[in-house]
Amino acid sequence: MSDGPPASRQRGVAVLGSTGSIGTTALRVLERQASRFRVAALTSYSNGTLLGEQAAAFKPAFIGMVGNGSGDAQDGAPDGAQRGWHHGAECLVEAASRSDVDIVINAVVGAAGLDATLAALERGKRVALANKETLVMAGDLVAQACARGGGEIVPVDSEHSAILQCMAGRPGVEVRRVILTASGGPFREWSAERLANATAADALRHPTWQMGRKITVDSATLANKALEVIEAHFLFGLPYDAIEVVVHPQSIVHSFVEFVDGSVLAQLGVPSMELPVLYALTHPDRVADSGVPRFDPVAASPLTFEPVRTEQFPALGLGIAAGRRGGAAPAVFNAANEEAVAMFLAGRITFAQIASAIEHALEAHADAASGNRDELLAADRAAREFVRGAAAC
Ligand code: NAD
Ligand code: MG
């Protein structure tokens, strides 16, 4: 436990995607931890009104809005770009590369976060990574950027934060297996017939977590858990055979680690992203004034576990198979999923068509070249075009 460094040693933090679910959670955490951290940069895609309020409250040196503020609001709020703000997709890399930034919280949704993750790692910074799509599409490139620049990734995803905390610095050879918990999402108990008619409104009604729209749909299809299995593979260097998934509807146990001697550790807590965000900032230290509600085992009872109904949720198996296949397959899985989810949310395809779009995109593009960033981005684009084209037929 540490009492916090003096103000002169405050660490500079860039929050990419500050207007989103994780971004606003991160700013709540940073406000409480103002003696330890200073917000140096904020970026969003749009929602200039909220970004402006955040800028007034935290006074960062850098403010970036990827959209041009001309009413292209992606998250439903009016835009309101102000003088001195940076614009365009480059502002993510600019924010992530600044010399006054020590930690980049990447809370952008989707593949758009890739270059910022790579830039921060190349410059030796810590990336507090919520943007799991980055690691899924380009795990090897991200590892190379870490090695070259001396940066480090600390996961924000609650399951991976749990695994990191349970591993507590022990060598990987001591780990036999990890078990990621999944809430099961809103459709955990739905029949195949009912699932076929699930609407976007149904999918957006998550039982335990309040999150952005894309990850909420990913939680309903279980594509999110596939992304997390691939994320665990890259973060912890685990073979796919050593990564399992169990459904835990209460979302209190955030994941398990089984060690070679048979001992199993788990990390528990209320379903709030505040603690994983805070831990990604302070790791390996812990701070006393987290503001996180105290754990009450009686109130949390009962804790239950179930197998995944894999036939009803084919996106999970498709994603894990893409991870095992490697190369461009995880990037194609991710891109096809992003595109299909956007189309589902727009009412253009059904819930079941999300998984079939992913399956067909993988059949067509999984063997695309994947040796460098540009090839991966080409595979990403081809998968998106394929999904859009298939839906137009
Ligand atoms: P969100 O949709 O609420 O917020 C996304 C943020 O990214 C917004 O600030 C938006 O303006 C910005 N953004 C969107 N598109 C962009 C683009 N093309 N370029 C730059 N910025 C862009 O999403 P969220 O729920 O906060 O999720 C963010 C990331 O965190 C995702 O990768 C998600 O999988 C991951 N994650 C979220 C949670 C959660 O509880 N919400 C938990 C674990 C992991
Ligand atoms: Mg998660």
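Which residue in β2 does Ala14 stand opposite? Select Ala14 and look across: the residue is Ala41. Bear in mind that this is a predicted model.

**Stop 1: the strands**

Show residues 11-16, strand β1. Add residues 37-44, strand β2. β1 and β2 pair in the parallel sense, over six bridges. Now colour β2 by accessibility. Seven of its eight residues are buried, so the strand is mostly covered.

Next, bring in β3, residues 62-65. β3 also pairs with β2 in the parallel sense, here over four bridges. Pick Leu42 to find a bridge into β3; its partner there is Ile63.

**Stop 2: the helices**

Turn on helix α1, residues 21-32. Together with β1 and β2, α1 makes a right-handed β-α-β unit. Then add helix α2, residues 48-58. β2, α2 and β3 make a right-handed β-α-β unit as well.

**Stop 3: the rings**

Move on to the aromatic side chains. The structure holds four aromatic pairs. Select Phe187 and Trp190: this pair is tilted, with 4.5 Å centre to centre and 50° between the planes. Phe187 counts as buried because its relative accessibility is 0%. Trp190, at 13%, counts as buried too.

Now select Phe344 and Phe351. Their ring centres are 5.8 Å apart and their planes stand at 65°, which is over the 60 degrees required, so the pair is edge-to-face. Both residues are buried. Show the four residues together: ring pairs link Phe187, Trp190, Phe344 and Phe351 into a cluster.

Finish on Arg194. Its charged end sits over the ring of Trp190, 3.7 Å from the ring centre.

Note on methods:
Residues numbered from 1 in each chain as written. Chains lettered and ligands numbered in written order. Predicted model: local features only at pLDDT ≥ 70, side-chain atom pairs only at ≥ 80, totals over all residues. Heavy atoms only, no water. Phe/Tyr/Trp six-rings, centres within 6.5 Å; stacked < 30°, edge-to-face > 60°. Buried < 20%, exposed > 50% of the residue type's maximum accessible area, 1.4 Å probe, protein only. Lys NZ or Arg CZ within 6 Å of the ring centre and 35° of its normal. Helix = DSSP H or I, 4+ residues; strand = E, 2+ residues; numbered from the N terminus. Pairing = 2+ DSSP bridges. Right-handed = clockwise from strand over helix to strand, strands pointing away.
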